[in-house]
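User: I'd like to learn how to read the contacts and packing in a model like this one. Could you take me through it feature by feature?

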Amino acid sequence: MTARVAIVGAAESDLGVTGKSILTLQSQAVTRALADAGLTLADVDGIATTGISRFSATQLADYFAIQPTWTDSTFAGGSAYEMMVARAAQAIQAGQATTIVISFASNQRSAKSRRLGGVHEPHIPEAQFEEPYDMLFPVSYYAMAAQQYLHKFGGTREQLAEIAVAAREWALLNPKAFRYGKGPITAEDVVTSAMISSPLTVADCCLVTDGGGAVVLTSLERARDLPRKPVEILGYGERTTNTSFTAVDDLTAPGAIGSGRDAFARAGITPADVDVLQVYDSFTITAALSVEALGFCGRGEVLGFIADGRIRPGGALPLNTSGGGLSYCHPGQYGILLLVEAVRQLRGESGDRQVEGASTAVAHGTGGILSTHATVVLGVDR
Amino acid sequence: MSLPEVPPADDVTTGWWDATREHRLMVQECTQCGHLQHPPRAVCTACSSMDHLELRETAGTGEVDACTVIHRAPRPDVDVPYTVARVRLTEGPLILTRLVDGDQWAIGDQVNVGWTDLPDGRALPVFH
């Protein structure tokens with residue numbers, strides 16, 4: 001029988017505007033997650049990370065003076081950490097590592113390292129055939145997806161804004177959120193904010209902050225001897241669909257349809273069994289498309305589905321309970337923080353924003369321009 | 001528009017860019033399986049052939065598949081707002097481009113190719 005694998009530690013680095021280096025934030029995230037698990041760097045034999053340098057996992061191993069038996073530097077944007085959960089679980093099951101840390105940190109706000117046009121790599125086809133048109137990367141792609149969605153299924157920008165309004169409601173319950181204490185927002189606020197790439201305004205777009213996080217994985221058998229309630233990896237799935245703006249025919253049908261289907265099948269559950277949902281909200285449309293594609297509602301139905309307050313605190317489908325990339329923290333590849341929040345909810349440690357009795361959670365990452373999609377199903381015994 | 005810096009053509013894309021000097025819009029055609037693709041590649045994504053890819057001239061017509069009006073430019077000296085779009089060429093492939101002549105474009109609008117000449121003699125296809 002295949003060994004079962006669990007997350008036994010989870011933590012954030014400092015968040016917001018830190019003035020700290022990437023490796024300092026990485027060190028905070030990793031050591032705090034290990035401390036949460038009752039472990040130290042000496043216990044780690046597997047490292048999965050990205051966003052540090054060309055040799056990210058190698059770099060971090062060197063920085064921690066570890067010589068791991070397994071590493072992974074899958075570079076897939078914001079979904080990479082959900083993909084790494086799958087790879088790490090497989091590595092533990094195969095006996096290639098016993099204790100794996102998955103981590104990410106960025107100082108993009110302090111370092112002012114983000115560019116509206118994205119990263120220029122002159123040798124790729126997009127440099128010749130797309131970048132000359134001055135699209136914003138990645139927001140213009142999501143903008144086109146939003147335009148196609150509203151055109152195809154109807155609905156309004158105000159309905160889409162509910163994603164940002166609900167995220168703010170959650171952030172007001174999370175003292176670590178960047179927008180904590182900043183008060184609620186309305187759909188009207190969102191649609192009348194400065195237009196960036198129509199139909200998306202600045203309030204449809206995630207924050208740009210520093211931040212990071214880490215999770216620690218080991219076998220469920222070993223997890224039972226560690227201090228925290230083990231959060232078991234029940235299922236996972238992924239899809240990789242495009243780098244260019246023109247590879248995918250239907251922008252309203254993202255790879256999350258397939259990644260979610262695979263993850264739910266592996267876990268042997270359906271969306272109806274999910275108590276708390278964390279999806280990447282790089283933009284309002286990203287989260288809306290993900291909720292629909294994962295099967296929480298029918299095709300073309302998400303704007304009506306969320307209109308009744310369902311995704312807000314107290315609603316039937318608690319979504320992005322940290323406040324999300326829109327109102328909590330967005331250090332770039334936000335997917336690691338989806339996992340951290342899912343773990344905290346399942347352990348019952350989320351304070352004012354705790355979803356009562358949550359025992360099954362889904363974390364779903366999206367990377368690039370709806371390029372990569374990875375879903376993880378997590379659970380605890382209650 | 002303030003002209004962008006377009007990287008030089010490479011071994012695969014030289015023919016496509018050379019055609020733009022004569023304001024001809026090409027797509028790649030596989031003579032083995034008939035597949036059309038854009039942008040040009042070293043391989044046919046339908047039949048895997050690397051030996052049957054040729055350039056075929058398009059009619060220069062298409063339909064707006066999606067578009068977005070951009071209000072903050074990613075580089076200096078670009079006038080905003082401007083419209084970036086996916087256009088579905090009449091022959092089938094999608095192309096990323098700009099829509100010129102106004103900012104009131106909608107999905108389904110019929111468009112025709114026009115050209116923005118670059119200092120090196122090449123030209124960027126745009127649509128109106």
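User: How many residues does each chain give to the contact of chain A with chain B?

Analyst: Two residues are in contact if their C-beta atoms, placed from the backbone, lie within 7 Å. By that rule, chain A gives 27 residues and chain B gives 25. This is a predicted model, in which local features need pLDDT of at least 70, side-chain atom pairs count only at pLDDT 80 or more, and totals for chains, interfaces and linings use all residues. Residues are numbered from 1 along each chain as its sequence is written, while chains are lettered from A and ligands numbered from 1 in the order in which they are written.

User: Which elements of chain A give two or more residues to the side that touches chain B?

Analyst: Helices (H or I, at least four residues) and strands (E, at least two) are DSSP runs, numbered from the N terminus. Here they are helix H5 (125–129), H6 and strand S5 (195–197) of chain A. H6(A) provides the largest share, 6 residues. By class, this side of chain A has 15 nonpolar, 9 polar and 3 charged residues; Ala, Val, Leu, Ile, Met, Phe, Trp, Tyr, Cys and Pro count as nonpolar, Asp, Glu, Lys and Arg as charged, and the others, Gly among them, as polar.

User: Which domains does chain A have?

Analyst: Domain bounds come from an automatic or database domain assignment. For chain A it gives domain 1 (5–113 + 210–234) and domain 2 (137–207 + 235–379). Taken over C-alpha atoms, their centres are 23 Å apart. Their contact takes 36 residues from domain 1 of chain A and 37 residues from domain 2 of chain A. On the domain 1 side, H3(A) gives the most, with 6 residues.

User: Which residues have the most contacts inside the largest nonpolar core?

Analyst: In soluble globular proteins, nonpolar side chains tend to be buried together. A residue is buried if 20 or more other C-beta atoms lie within 10 Å of its own, exposed if 12 or fewer, and partly exposed in between. A nonpolar core is a set of buried Ala, Val, Leu, Ile, Met, Phe, Trp, Tyr and Cys residues joined through C-beta atoms within 7 Å. The largest one has 151 residues, and those with the most contacts inside it are Ala33(A), Val85(A), Ile102(A), Val215(A), Leu217(A) and Leu339(A). H3(A) supplies the largest share of this core, 10 residues. Leaving aside neighbours within four places in sequence, Leu339(A) touches Ala10(A), Tyr81(A), Val85(A), Val215(A), Ala363(A) and Val376(A).

User: At what angle do H7(A) and H11(A) pack?

Analyst: Axes are lines fitted to C-alpha atoms, for helices over the stretch in contact, and angles run from 0 to 180 degrees between N-to-C directions. Helix H7 (residues 157–171) and helix H11 (residues 284–293) of chain A pack at about 95°, with axes 9 Å apart. Angles under 35 degrees count as roughly parallel, over 145 as roughly antiparallel, 65 to 115 as roughly perpendicular and the rest as oblique. H7(A) and H11(A) are therefore roughly perpendicular. Leu160(A), Ala161(A), Ile163(A) and Ala164(A) in H7(A) meet Thr284(A), Ile285(A), Ala287(A) and Ala288(A) in H11(A).

User: Is H11(A) mostly covered or mostly exposed?

Analyst: Mostly covered, with 10 of its 10 residues buried. Just after H11(A), Gly295(A) takes a positive phi of about 100°.

User: Why does Glu341(A) count as buried?

Analyst: Glu341(A), in helix H14 (residues 335–347) of chain A, counts as buried because 26 C-beta neighbours lie inside 10 Å.
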